[in-house]
Amino acid sequence: METESKNLRRGWTTGTCAAAASKAACLALMTGEFPALVEVTLPGGQRPAFALAMEEKSDGFAKAGIVKDAGDDPDVTHGALIMSTVRRGLPGTGITFKAGPGVGTVTRLGLPLPPGEPSINPVPRKMIAQAILEVCHGERDFVVEISVADGEKIAERTLNGRLGILGGISILGTTGIVIPFSCASWIHSIWRGIDVARAAGLDHVSGATGNVSEKAAQAHHGLSEIALIDMGDFVGGMLKYLRSHPLPKVTIAGGVAKMTKLSQGMLDVHSKRGLADLEALAKVAAEAGADADLVARITAANTVSHAFQLADESGLSLGNRIAALAWKTAAKALHTPDIALEILVFDRQGQLVGKTQFTPSDHSEPLSA
């Protein structure tokens, strides 16, 4: 297995595991024997090999399983048993897919697959079909049922429920490889959430940096679950997708620390990308009327939350000023008259401490709260 420069081990997607299990099951269906190792071709041309974790054969079907190894990535599906049951299909039907236990079914528009389809994404379907065609001896008609042990329970730790994928996890992957700590899967889930909201005809979505701000923003506007985008730290990833897939109204919600980082020009607000600049925050406080003593104490504060507390104790509100500056950063990423942008800033208890009005994102300044 390849390693990253920081010696982090790469892993394999659920799609790769499903393809390997499907190839092994098809080979057993055709020959009566399961392989000791099974190779599959990834979209990039790599040919990894996998050992089978389980195998079963009876009249009319063969079933094989692969344990997913996500490498050093903290993937919720790491260690999951991905299984494929292969049967012959009706003549002329080609390769068709079914969701077995633990694999979700699509129920909402806006996803890469229509409602009613098993949540086995297009690239994994191509990988599975290619793997089967390598061993099918000229036959072309198969029913492939993908299942995942405890998949429904694992899915509770994913965004599938919010996206309308019910009954289990999704079979995913565009390269076949899991890169440790890659933001790609999270960014793609943000995009799919936006797609679902657009397909449902919503005119307003809210992206939040965390659970407290998400619930607070939902209550503030009375939003449905479909309107909530689990943006996390990837403000830029959400806004740039919205620029080409617009909705009329967008709310960005977050706590004081992450909204302060956004106000200072950071579109990725993860702590690993850098800390908020307390000296710059103190300058904002000075412009708001803070005296020299308060400016010094904010500069020396332990955290942004501590700085906000110091300002509040002195009767100085920073929330609306930080919201306005955060709006400017976010608006640059959108910069379209088609989207009205709002910023909401909450404290750790979910109390609103700063906001802007909805303002077209091609404006130079937000409308005052």
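A polar contact is a pair of N or O atoms within 3.5 Å; within protein, one of them must be able to donate a hydrogen and the other to accept it. With that in hand, let us look around this predicted model, beginning with a threonine that makes such a contact.

**A threonine between two strands**

T77 sits in the loop that links β5 to β6. Its relative accessibility is 7%, and because buried means under 20%, T77 counts as buried. The T77 side chain reaches the side chain of K68 at 2.6 Å, a polar contact. Leaving aside residues up to four places away in sequence, T77 touches T14, K68, I154 and I169.

**The five-stranded sheet**

The strands on either side of that loop belong to an open sheet of five, ordered β4-β5-β6-β10-β7, with mixed pairing. β4 and β7 are at the edges with a single partner strand each, so one side of each has no neighbour in the sheet. From one strand to the next, the twist averages 15°. Strands of a sheet pair through backbone hydrogen bonds, in either a parallel or an antiparallel sense. For β4 and β5 the sense is antiparallel, and the pair is joined over five bridges. In one of these matches, M54 has G65 of β5 as its bridge partner.

Here are the sheet strands with their residue ranges:

| Strand | Residues |
|---|---|
| β4 | 54-58 |
| β5 | 61-67 |
| β6 | 81-88 |
| β10 | 142-148 |
| β7 | 95-99 |

Helix α1, residues 14-31, lies across β4, β5, β6 and β10 and runs at about 40° to β6.

**Helix α6 and its surroundings**

Further along the chain, which residues of α6 are buried? In this helix, which spans residues 211-221, they are S213, E214, A216 and A217. An α-helix has 3.6 residues a turn, so residues three or four places apart point the same way. The buried residues of α6 pack against α4 (160-163) and against the strands β14 (204-208), β15 (228-229), β16 (249-255) and β17 (340-346). Just after the helix comes G222, with a positive phi of about 65°.

**The second largest pocket**

α6 also takes part in a pocket: together with α8 (256-263) and α11 (304-313), each supplying at least two residues, it helps to line the second largest one. The volume of this pocket is about 440 Å³. Its lining comprises 23 residues, and those nearest the centre are V256, A257, K258, V304 and S305. The biggest share of the lining comes from α8, which gives four residues.

Methods. Residues are numbered from 1 along each chain as its sequence is written. This is a predicted model: local features need pLDDT of at least 70, side-chain atom pairs count only at pLDDT 80 or more; totals for chains, interfaces and linings use all residues. Side-chain values use heavy atoms; hydrogens and water are left out. Two strands pair if DSSP finds at least two bridges between them. Axes are lines fitted to C-alpha atoms, for helices over the stretch in contact, and angles run from 0 to 180 degrees between N-to-C directions. Contact means heavy atoms within 4.5 Å. Buried means under 20% relative accessible area, exposed over 50%, partly exposed in between (1.4 Å probe, protein chains only). On a 1 Å grid over the protein atoms alone, a cavity is a set of points where a 1.4 Å probe fits but cannot get out, and a pocket is an open set with protein on both sides within 12 Å along at least five of seven lines; lining residues have an atom within 4 Å of a point. Grid points are joined across faces, edges and corners, and a volume is the space filled by probe spheres set on the points.
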